[in-house]
Amino acid sequence: MTADPTSDDDLPWRWPEERWRSAVERVRAGRSLKPASWPNGARCAVALSFDSDHETNELRDGGRSIGRMSQGEYGSRRGVPRILDALARHDVPATFFVPAVSGLLHPDEPRRCVDAGHEVALHGWIHELNGALPEAAERELMLRAADTLEELAGVRPVGLRTPSWDYSPSTLALIREMGLLYDSSLMADDDPYELLENGEPTGVVELPVEWIRDDAVYFNMNRFQALRPYTPPEAVLAIFLREFERAYAEGGLFLLTMHPHVIGYRSRIFILEEILARVSGRADVWCATHADIARTVKETAAS
């Protein structure tokens, strides 16, 4: 017998207001934390970040493709050294979001990043999707990842970027339970804001991301799917620079997400180098790690 779809109360158009409101209010943007001015009178803040996924892009789905894992290995073997060299030449700090398994596969990398003046932050255990996990498993993996990165980098992480920016109903509660300073996974604004949980302020700073400001969406490739690079590198640079120039004009935050196995190629690293030249060439631009930006906006809001 075919079920009568009209009797299914789980259809969203049948939801009572309480149900759809509770779904929306679970995690919401609160007050803006954009300061009137940035440190040292800077007009704009710049937060460059690198998601060091490496082999975990393949491992997280149970994949065993040697070819795809070698593509991830390129991120550590060639991409990260090129990135660190470019950052050093322009004296710009950055944040590396590292899945714990990536750190264990390349154990010298987190410490090398920290020793060069950069931040190492959480990016899951094996780049798992938070939304697919039971709460207990999500908690255990987040805690285990934090312990692992602390051991590898010598500094306990204070921030999180969820893998693939995937959020479960429990993620924010776990961020609060762990006492993290900030998250960088959500998209409700251009500038920093405080996260609300069920309408209540949490004290957690959100440093918002966006697919527009992510290199992977323009360059990802999978020959077994319809996924192909569709934007030339020069056009990607133009998009990123337009985002920066508007952030500068508005006195806000320019946050860029990149991946060593994507941006690190010979034909693409110039995108990072051009951005570094632009932002470091202006005296009224403050380049900082995600943690330093989160601390600054939180302290400014409290004063």
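Student: How many residues does the largest nonpolar core have?

Tutor: In this predicted model, the residues with the most contacts inside that core are Val46, Leu48, Phe50, Leu87, Phe96, Leu272 and Ile275. In soluble globular proteins, nonpolar side chains tend to be buried together. Counted in full, the largest nonpolar core has 57 residues.

Student: Which helix gives the largest share of this core?

Tutor: The largest share of the core amounts to 7 residues. These come from the helix that spans residues 233-250, which is helix H9.

Student: How many residues are in the second, separate core?

Tutor: This second core stands separate, and among its members are Trp38, Ala47, Trp165 and Leu253. Its residue count is 21.

Student: Is Val120 buried or exposed?

Tutor: Val120 lies in strand S4, and Phe96 is among the residues that Val120 touches, together with others including Val98, Leu149 and Pro157, when neighbours up to four places away in sequence are not counted. The relative accessibility of Val120 is 7%. Because buried means under 20% relative accessible area, Val120 counts as buried.

Student: How far apart in space are Val120 and Ser49, C-alpha to C-alpha?

Tutor: Along the sequence, Val120 and Ser49 are 71 residues apart. In space, the separation from C-alpha to C-alpha is 9.8 Å.

Student: Which side chain of opposite charge is nearest to Glu128?

Tutor: Glu128 sits in the loop between strand S4 (119-122) and helix H6 (135-153), and Glu128 is buried yet has no salt bridge. A salt bridge needs a side-chain nitrogen within 4 Å of a carboxyl oxygen, whereas the nearest side chain of opposite charge is 7.6 Å away from Glu128. That side chain belongs to Arg60.

Student: Which residue has its backbone nitrogen 2.7 Å from a polar atom of the side chain of Glu128?

Tutor: For the side chain of Glu128, one polar atom lies 3.0 Å from the backbone nitrogen of Trp125. The backbone nitrogen at 2.7 Å from a polar atom of that side chain is the one of Ile126.

Student: How many disulfides does the count come to?

Tutor: A disulfide is a covalent bond between the sulfur atoms of two cysteines, and the rule asks for the two sulfur atoms to be within 2.5 Å. For Cys44, which is buried at 0% relative accessibility, the nearest cysteine sulfur is that of Cys287, 8.3 Å away. Cys287 is likewise in no disulfide, and Cys287 is buried with a relative accessible area of 15%. The count therefore comes, by the rule of 2.5 Å, to 0 disulfides.

Conventions:
Residues are numbered from 1 along each chain as its sequence is written. This is a predicted model: local features need pLDDT of at least 70, side-chain atom pairs count only at pLDDT 80 or more; totals for chains, interfaces and linings use all residues. Side-chain values use heavy atoms; hydrogens and water are left out. Helices (H or I, at least four residues) and strands (E, at least two) are DSSP runs, numbered from the N terminus. Buried means under 20% relative accessible area, exposed over 50%, partly exposed in between (1.4 Å probe, protein chains only). Lys and Arg count as positive and Asp and Glu as negative; His and the chain ends are not counted. A polar contact is a pair of N or O atoms within 3.5 Å; within protein, one must be able to donate a hydrogen and the other to accept it, and residues adjacent in sequence count only if both atoms are side-chain atoms. A nonpolar core is a set of buried Ala, Val, Leu, Ile, Met, Phe, Trp, Tyr and Cys residues joined through side-chain atoms within 4.5 Å. Contact means heavy atoms within 4.5 Å.
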